Amino acid sequence: MDFGIRIKDRHMWALFVLPGVLLLVLVLGFPAITSLSYSIKPEKAGAASYTLSNYANLLKDPFFSKTFWNTAVFVFLSVASHIILGLAVAVVLNRALPARPLFRLIALLPWVVPDVVVGIIWKWMYDPIYGALNDVLLKIGFISTPVEWLSNPKLALFSVILVNLWRGFPFVMLILLAGLQAIPRHLYEAAAIDGATKIQSFFHITIPGLKKMIVVALALDIVWEVRRFGLIQAMTKGGPGVLTEVLSTYTYKQYFQFFRFEYASAIAVVMTVVLLLVSLPYIWMISQEE
Amino acid sequence: MKKIGIIGICTVVVLALFCFQPAAAEVTLRFSDWHLTEDVWNKSLNEGMAIFHKRYPNIKVTLEPVSYGEKETKYTVESAAGRAPDVFHVHAFSLPMFFGKGFAKDLTPFIEKEGPGFLDAWYPLPLKLMKHNGKIHAMPGDYMTMVLFYNTEMFKAAGLDPNKPPKTWDEFLTYAKKLTRDTNGDGKVDQWGFGTLGAKSPGFSLRFGPFIWSFGADYLTPDMKRSALDSAKAKEAFAFFVELYTKHKVVPPGLTAMGAQDVRTQLAQKKVAMILGSGWTPPIVNKINPDLKAFEVLKAAPAPMKRKQATAIWLSSWVMSPNTKHPNEAWELMKFITSKEIELKWFVDNRVTSSRKDVSGVAPEILNDKFASVLASQLPYGKVEPQIKQWPEIMDTFTTSLQEAVVGMKTPEKALAEAHERINAILAR
Amino acid sequence: MKASSFFLKEFFPKTILWVFLIALCLYCLFPFTWMLSTSLKTEAEAFRIPPTWIPLKPTVDSFIGIWVRKNFGIYFFNSTVISLATAVLSTFFGALAGYGFSRFFFKGRRFLIGFFLATQMLPGVLLVGPYFKILSRIGLYDTRTGLIIAFLTICLPFSTWMMKGFIDKVPVSMDQSAMVDGCSRMGIFFRIILPVVAPGMVATILFAFLLAWGDLLWALCITTSEPMITVTLGIARTVGEFRIIWPMLMAGSLVGGMPAIILYIFLQRLLVQGLTAGAVKG
């Protein structure tokens, strides 16, 4: 493809980047500004036009701090488990195996079902009386009494995270697998000739080669897990109590159940700011190189 | 690689062609109802619409189903953009929020045109709930009470007389204990006395009402400005409910995840002997498990009481969008769906009683029906929750405390006290 | 090889490998077997306590019912069109932007990178309402295009980051040697870069496809008439006020998962095998 006009190569970046920027600004600009501006509007009609009262209420809200903490735990454990399992599976599936395409397909399956459906199905599978999970565990003797996965205060959040692990690891696995496939074979062959063990190759070739992809997967997954909504909403709606309430479900509740548009916007602003702060190192890192 | 770019562009072009939507010719009304997604209701509604179309051939009604859990989300977004359906169906307990945001049209002009006495056909309480600033902004629909449903065969098997359902909550507890047993001799309890909700859903407060009100307590003070949950009677009612699960264990495990459908399934599958339900219960239970022969085996009785008879009311309502382009036609549709003839049809087809006195109080179909007669008899004892816009938030925080008590995180006393504090904070805003 | 080193180097690792693979398969497939089992049951049997794994009265009624009684055909069409368009467009624009961020170091680059990422962090819950308002003003309310634009935009930052990550791995020397040969930037992009990052594109396309396919909130708010309903929205409707029609829910979910799987297989063939065959591997 060639363009008639001679554009300096230096300026070509615009051609590549600007379409995306334009799209984002046009489509999300108005919604973003509207919803953010709601956060400084007062809840009570008739008070001042702009106020920080919503943020003040956030600080006073006993549920908000619990929700925040839950979100942190949820995201941390989900992302960590995704990376660990995703990496393990990617490494295994990168090897020469019989029926490898089939295994790759199976590993992808949990990702294929929509969040909401996964939530509904797992909620049922977790049911103490007629859930499939307890049924199987009882039959093979793993447990002797039905476990209350979603009702036991000690288990509730972890039960949700477990489902999220099942549902989310294929995403990380796919990215890491693509990254693994980009590591040239001859590096391993050279190492083998030099007498390196598999473990040594893993730590000295694989991991460094994957470093960038791991960081990409990490950053994307963190943002993605903070936004995770349908899964949790369908399974527990944030209950019991506020044990599984996360920022996304809390915002939804405030907006669509309590009709507190202004307060919900304030929560969203906080969410966005926190996420930005968390990803600042990442932004710094990826714009640093070369 | 160019191929992918070209495919992409072609896709966009093809899609653009699909977006062309032909304009409507005659008056078209958009009607939305979650019942359209239920088999139980769908047929009946479609028949009703066919009758309407025969009478008003120039009005076309497009039906927009919406799933039960998503309806508030959808109507909120649509209303905020001025694009809500012309007529839509909501719970009466959502009304304060819709009214507060101006999402419901004032129906007074239409009612006045119908002549004096038009509203006399309805029970007073439903009408009161339709009012915003003294004016009617919605029309009442289904009106039912929560009553006790029980399985007569399980009663007999436990040595209880199926014709003597429990009348007081204390009696109820005794019955429930007897009905919680191991039926197959394997040493594990597999049948419980009472099934109830514990999940955060609108159905929860419907089933808690008979507890708190018949104990003589209430959620808020009469002026609805403060929480009344610090009264001794409120504490009693709360503790009684929580202890059914934690102490007496007459409720199946996993309570906080139980929604209305789970409870009905428990009844259908003979896992519980008693539940609180309403007109929709027998047909649904029957659909879940035809082998149970729900209509024969189940019986209805007034909800048990402590100090006075009181039960919760279920009320649905029809709202007209303030942005409707055809208010007069929309009114005809609303009038039709709430007319005596059609309200009776809703009962006959779906077993829901009506907010019209000239149907629920009088129709032989209702008075002779084993279940509906009990429902109707309880209407005078029906109470409704405070109709304020903070109510969903208050109920959510109350349920949070209840769940914390039920799973043993806090004692009922402490949990209720915290709910009391938080509710006061909400009301003070 | 000595027997013990054979055990350590060959047999033991291989056994662990296979144990791991089998465990993985069980882990991934367990809920699907439950879904399949339930989808073949009658509604009453789906509620049995204790649950049965092999249906006592197997029936394909649900699989037929979703097409015949519930308009699954229309939902399928809508979802496929919307998700494919989102996938292709967002990956394309994402690759473009990813390349731009990877190869060029212009003023404001860091800011734009941050900007892209920041747009990801706004929760959809708040954006839906105002977006819906815009759509209805320009007449795209209740259309597939309206949904495509929404998903495309939500997906774009993710696609950009994924593609940038993959493009970064392609050595700049390849670009430079192509430029020396007289190739334009666009030419480099299409003929050199994209083929090499094909495996990464698979992940990106699939991600975008699934994001659009599995969405409920936007589809719920932006579409309303029956001809526009998506599969996920249709499945959500089986969760009624009164009861969940489990067999239908499961059948719908299983069938609904098929396109993504087919897409993946197709992408593997087309992109990875077909294109990398012609590319030069670093």
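**Chain A and chain C: interface, helices and a cavity**

Trainee: How many residues does each chain bring to the contact of chain A with chain C?

Mentor: Chain A contributes 96 residues and chain C contributes 101 residues, where contact means heavy atoms within 4.5 Å. This is a predicted model, in which local features need pLDDT of at least 70, side-chain atom pairs count only at pLDDT 80 or more, and totals for chains, interfaces and linings use all residues; side-chain values use heavy atoms, with hydrogens and water left out. Residues are numbered from 1 along each chain as its sequence is written, while chains are lettered from A and ligands numbered from 1 in the order in which they are written.

Trainee: And how much area do chain A and chain C bury between them?

Mentor: About 9200 Å², of which 82% is on carbon and sulfur atoms. Buried area is the accessible area (1.4 Å probe) lost when the two parts are put together, summed over both.

Trainee: Which helix of chain A gives the most to that side?

Mentor: Helix α1 of chain A, residues 13–38, with 18 residues. Helices are DSSP runs (H or I, at least four residues), numbered from the N terminus. By class, the side of chain A that touches chain C has 73 nonpolar, 13 polar and ten charged residues. Ala, Val, Leu, Ile, Met, Phe, Trp, Tyr, Cys and Pro count as nonpolar, Asp, Glu, Lys and Arg as charged, and the others, Gly among them, as polar.

Trainee: How many salt bridges cross the interface of chain A and chain C?

Mentor: Zero, by a rule that asks for a side-chain nitrogen of Lys or Arg within 4 Å of a carboxyl oxygen of Asp or Glu. Over all chains, that rule gives 35 salt bridges.

Trainee: What does A:K139 form a salt bridge with?

Mentor: A:K139 pairs with A:D135, and their closest N and O atoms are 2.9 Å apart. Because A:K139 and A:D135 are four residues apart in helix α6 of chain A (residues 132–139), about one helical turn separates them.

Trainee: Changing topic, what elements does chain A have?

Mentor: Chain A has twelve helices and zero strands. The C-alpha atoms of chain A fill a box of roughly 75 × 75 × 30 Å, taken along the principal axes.

Trainee: Which residues lie nearest the centre of the second largest cavity?

Mentor: A:K212, A:V216, A:I286, C:G165 and C:D168, out of twelve that line the cavity. On a 1 Å grid over the protein atoms alone, a cavity is a set of points where a 1.4 Å probe fits but cannot get out, and lining residues have an atom within 4 Å of a point. The lining of this second largest cavity has seven nonpolar, one polar and four charged residues.

Terms used:
On a 1 Å grid over the protein atoms alone, a cavity is a set of points where a 1.4 Å probe fits but cannot get out, and a pocket is an open set with protein on both sides within 12 Å along at least five of seven lines; lining residues have an atom within 4 Å of a point. Helices (H or I, at least four residues) and strands (E, at least two) are DSSP runs, numbered from the N terminus.
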